[in-house]
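Q: Please take a close look at one part of this structure: the strand pairing, and the packing of side chains around it. A single connected account would be preferred.

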Amino acid sequence: MVKLPSEEQIILDAPRDPDLARLYEYWESKRGTRIMPSRADIDPAEIGWILPDVYLIEVVPPPERYRTRLAGGNLIEFYGKDYTGHPVLEPVPPELHESVLAFLDHIVESRTPVFATGRVNWFLPMQHKRFETCMMPLSADGVVANMILGATKTNLAAAGIGFG
């Protein structure tokens, strides 16, 4: 079982947000009978409805391990900075590094999607916000996960989406 970085966050069986659910259905359609789709299977033109909330995380060699490959406009606005090309842990408080890495490691090693919701705790200026996210592995060779396709919604209270 995957452990989240905070007890104020919970794992979901499936996305609750309609846009995240649609992205997961898209990922499933691209996966077909494989364990996971590849980055080449993902066509930005086919997921335009959620591109502002999408991010790609690239698996890289230690010590960095994970790098933001792409961040949608809503995420850039949320962070107040474009973290594309930066280590995933850059905006994360040091006391959460180990748990965030373990969370990402779980997705890569299990090669399965993870859906979660709760209070933002990884970015101090936004700790008052709530989020829902889906993170799905991608593989260039069909075996090893080398990227994570994700999307995060942080305006869910305004949209009337509940949290567990």
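**Strand pairing and the packing around it**

A: Strands β2 and β6 run antiparallel and are joined by five bridges. The model described here is a predicted one. Within this pairing, Met 147 of β6 lies opposite Glu 58. β2 is also paired with β3 (residues 66-71), again in antiparallel fashion and through five bridges. On that side, Glu 58 has Arg 67 of β3 as its bridge partner. The connection between β2 and β3 is a hairpin with six residues between the strands, and Arg 65, in the turn, has a positive phi of about 75 degrees.

The strand β2 (54-59) also belongs to the elements that give two or more residues to the largest nonpolar core, to be taken up next. This core has 36 residues, of which Leu 23, Ile 57, Leu 104, Met 135 and Leu 149 touch the most other members. Besides β2, the elements giving two or more residues are α1, α3, β4, β5 (130-138) and β6 (147-153). The largest share comes from α3, with six residues. As a general background, nonpolar side chains in soluble globular proteins tend to be buried together.

Met 135 serves to illustrate the surroundings of one such residue. With neighbours within four places in sequence left aside, Met 135 is in contact with Tyr 55 and Ile 57, with Phe 103, Leu 104 and Ile 107, with Thr 112, Pro 113 and Val 114, and with Ile 148, Leu 149 and Gly 150.

Helix α3 (residues 97-110) deserves separate attention. Its 14 residues should span 20 Å at 1.5 Å a residue, and the end C-alpha atoms are indeed 20 Å apart, so the two values agree. The buried residues of α3 include Val 100, Leu 101, Phe 103, Leu 104, Ile 107 and Val 108, and Asp 105 is buried as well. After α3 comes Arg 111, with a positive phi near 60 degrees.

The aromatic residues add a further element to this picture. There are two aromatic pairs in the structure. In one of them, Tyr 24 and Trp 27 are stacked, because their ring centres are 6.1 Å apart and their planes meet at 20 degrees. These two residues lie three residues apart in helix α1 (residues 18-31), which means that about one helical turn separates them. Trp 27 is buried, at a relative accessible area of 1%, whereas Tyr 24 is partly exposed, at 22% relative accessibility. The other pair is formed by Tyr 24 and Phe 115, whose ring centres are 4.9 Å apart; their planes stand at 75 degrees, so this pair is edge-to-face. It links distant parts of the chain, since Tyr 24 lies in helix α1 and Phe 115 in strand β4 (residues 114-119), 91 residues apart. Phe 115 is buried, with 5% relative accessible area. Together, Tyr 24, Trp 27 and Phe 115 make up one aromatic cluster. A contact of another kind involves Arg 22, whose charged end sits over the ring of Trp 49, 3.8 Å from the ring centre.

Finally, the loop between α1 and β2 contains Ser 38. This residue is buried, with a relative accessible area of 12%. Apart from neighbours within four places in sequence, Ser 38 is in contact with Leu 138, Ser 139 and Ala 140.

Methods. Residues are numbered from 1 along each chain as its sequence is written. This is a predicted model: local features need pLDDT of at least 70, side-chain atom pairs count only at pLDDT 80 or more; totals for chains, interfaces and linings use all residues. Side-chain values use heavy atoms; hydrogens and water are left out. Rings of Phe, Tyr and Trp (its six-membered ring) pair if their centres lie within 6.5 Å; planes under 30 degrees apart count as stacked, over 60 as edge-to-face and the rest as tilted. Helices (H or I, at least four residues) and strands (E, at least two) are DSSP runs, numbered from the N terminus. Buried means under 20% relative accessible area, exposed over 50%, partly exposed in between (1.4 Å probe, protein chains only). A charge sits over a ring if NZ of Lys or CZ of Arg is within 6 Å of the ring centre and within 35 degrees of the ring normal. The expected span of a helix is 1.5 Å times one less than its number of residues. A nonpolar core is a set of buried Ala, Val, Leu, Ile, Met, Phe, Trp, Tyr and Cys residues joined through side-chain atoms within 4.5 Å. Contact means heavy atoms within 4.5 Å. Two strands pair if DSSP finds at least two bridges between them.
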